Structures are given as C-alpha cells and as structure tokens.
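Here's a quick briefing for anyone meeting this structure for the first time. Have a look at the sequence and the fold, then read on.

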Amino acid sequence: PLYAYIMFSQNGGKLQEKIYNLAIQHLGKGLTGKFIDIGSGNGVLAIKLAQQHENIEVIGIDYWGKDWEYSKSICEKNAQMVKVQNRVDFQKGDAASLDFADNTFDGAISNLTFHEVKSVADKKLVLQEALRVVKLGGSFSFVDYFFDEKYYGKESQFEQFLKGLNLEHCERRRLQDVIALPAMLKHPKILGKVGIIFGNK
C-alpha cells in the first residue's frame with residue numbers, strides 16, 4: 001500500500017532506517033571481528049553496520065536473482081560512497097545453505113529475508129542455518145515474520161524450536177513492542193506479524 005511505502009521512504013517515516021538501526025543495536029555494543037548480513041539487497045544494512053562499528057568487517061550475502069552482477073555492483077557502489085568498501089564485501093549466496101564453515105562469524109544480522117528464501121519451505125531451517133555460522137558467544141539479530149504461522153509454524157512449536165537450539169541468550173519480540181509503529185502498519189498483513197529475534201549463541 002502507498003501508506004506503507006511512504007512510511008518506509010526516506011522522505012516519509014524513515015521506518016526502514018529505524019528498523020535497520022534497531023537490528024544493529026540488538027547486536028550489542030563495541031562490536032569487533034567479522035559479521036554476516038544475510039539478504040543484503042542493496043547493501044544498506046551491511047553498510048550501516050560497518051559505519052556504526054569501526055572495528056568490524058561485514059560480509060553481505062544475497063541471492064539477488066537474474067541480474068545479480070548488477071545488484072552486487074550497486075552494493076559495492078553504495079559502500080564506496082560512504083567509504084566502508086575496505087570493510088564490506090558482497091557475495092552471491094543462498095541463505096538456506098551458507099557457504100561458510102560452522103562458527104565463522106562473530107555475529108549475524110538479517111532484515112526481512114528469511115521468509116523470502118525459496119529453497120526451503122520451513123523457514124525455521126533458514127534461521128538455524130544463520131545461527132550455524134555464528135561463533136559460540138557471538139551475537140545475532142534477525143527481523144522477520146516470526147509471528148506468522150505460515151512461515152514459522154504454531155507459536156508453541158516455534159518456542160520449543162528456539163529452546164532446542166540451546167542458545168546462551170535468545171529473545172523474541174514483536175516489532176511493534178520495540179519500535180513505535182503507526183497504527184495502520186500494525187495490521188497483520190503489513191508489519192503486525194514481524195518480530196525481532198536477538199541474543200547470543
């Protein structure tokens with residue numbers, strides 16, 4: 001809907017930027033090491049993460065689709081514009097099958113990507129794969145439709161699944177409980193079922 005588009009635009013509610021910043025904040029303070037951004041799109045989240053934390057490197061991965069070379073070059077140009085190209089690298093990849101060893105990264109971040117992954121029907125597996133590449137004790141912050149049964153199953157089953165991952169710390173909150181959303185955007189078909197899962201492995 002047009003209203004949602006306006007709220008997300010830079011000239012309107014700047015909601016997209018607020019969600020990016022929220023996801024980054026939930027990774028913690030004083031970050032160091034190597035981080036992965038899963039589902040980079042145009043690269044903005046990976047770039048913001050690098051801008052806000054000077055002592056990290058970020059790898060952004062995305063499937064991008066048919067014209068992926070073009071999309072990758074847009075990400076690289078965006079990184080150059082704000083002079084973080086030395087610390088941000090973009091690669092083509094599948095979020096359901098990341099091309100990295102277990103415990104590779106000091107942290108992982110993702111915004112509204114997991115539900116889009118076509119290669120697996122059960123999006124819990126995409127979440128599990130994202131956590132696989134994070135080191136023990138590393139931080140994670142993921143935004144997705146975590147309150148939508150269509151993607152993550154029944155509430156109680158998803159809670160059990162999260163417990164079964166044996167994470168050091170894990171919280172799941174509705175987006176509307178951690179960020180001010182206009183009433184219209186709280187509708188289940190827009191952002192009402194979106195949540196953030198964050199913590200440490």
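Let's begin with a single residue: Asp67 counts as partly exposed, because its relative accessible area is 49%. Asp67 sits in the loop between S2 and H4, and its C-alpha atom lies 22 Å from that of Met81, 14 residues away along the chain. Keep in mind that this is a predicted model. Now for the wider picture.

**The chain as a whole**

- The protein chain's secondary structure adds up to eight helices and seven strands.
- A compact globule of 201 residues would have a radius of gyration near 17 Å, so the 16 Å of this protein chain agrees with that.
- Along its principal axes, the C-alpha trace spans about 45 × 40 × 35 Å.
- What share of the 201 residues is buried? The figure is 48%.
- Take the contacts between residues at least 6 apart in sequence: 74% of them join residues at least 24 apart.

**How the strands line up**

- Strand S1 (residues 33-38) runs parallel to strand S2 (residues 56-62), and six bridges pair them. In this pairing, Ile38 is opposite Ile61 of S2.
- S1 is also joined to strand S4 (residues 105-111), again in parallel, by four bridges. Here Asp37 is opposite Ile109 of S4.
- S2 has a parallel link to S3 too, made of five bridges. Val58 faces Val88 of S3 across it.
- Two right-handed β-α-β units turn up along the way: one is S1, helix H3 (residues 44-52) and S2, and another is S2, H4 and S3.

**Two residues to find in S4**

- Gly107 belongs to strand S4. Is Gly107 buried or exposed? With a relative accessible area of 0%, Gly107 is buried.
- Leaving aside residues up to four places away in sequence, Gly107 touches Lys34, Phe35, Ile36, Val134 and Ser139.
- Gly107 and Leu31 are 76 residues apart in sequence, yet their C-alpha atoms are 8.8 Å apart in space.
- Ser110 is in S4 as well. Its relative accessibility is 1%, so Ser110 counts as buried.
- Which residues does Ser110 touch, not counting those up to four places away in sequence? They are Asp37, Ile38, Leu45, Ser141, Phe142 and Val143.

**The nonpolar core and helix H3**

- The largest nonpolar core holds 65 residues, and those touching the most other members are Ile36, Leu49, Phe114, Leu127 and Phe142. Helix H2 (residues 15-25) supplies the largest share of this core, with six residues.
- Leu49 is a good one to click on: not counting residues up to four places away in sequence, Leu49 touches Ile24, Leu27, Leu31, Phe35, Ile56, Val58 and Ile109.
- Leu49 is also one of the buried residues of H3, alongside Leu45, Ala46, Ile47, Lys48 and Ala50.
- What covers the buried residues of H3? The cover includes H2, S1, S2, helix H4 (68-81), strand S3 (88-92) and S4.

**Helix H7 and its two sides**

- In helix H7 (residues 155-164), the buried residues are Phe158, Phe161 and Leu162. Looking down the axis of H7, you'd see these buried residues fall within an arc of 95°, so they line one face of the helix.
- As background, an α-helix has 3.6 residues a turn, so residues three or four places apart point the same way.
- Which exposed residues does H7 carry on the face turned away from its buried side? You'll find Gln160, Lys163 and Gly164 there.
- The buried residues of H7 are covered by elements including helix H5 (124-132), helix H6 (149-152), strand S6 (169-174) and strand S7 (195-200).
- After H7 comes Asn166, which has a positive phi, near 55°.

Conventions
Residues numbered from 1 in each chain as written. Predicted model: local features only at pLDDT ≥ 70, side-chain atom pairs only at ≥ 80, totals over all residues. Heavy atoms only, no water. Pairing = 2+ DSSP bridges. Right-handed = clockwise from strand over helix to strand, strands pointing away. Core = buried A, V, L, I, M, F, W, Y, C linked by side-chain atoms within 4.5 Å. Buried < 20%, exposed > 50% of the residue type's maximum accessible area, 1.4 Å probe, protein only. Contact = heavy atoms within 4.5 Å. Arc of directions from axis to C-beta. Rg over C-alpha atoms; globule rule 2.2 N^0.38 Å.
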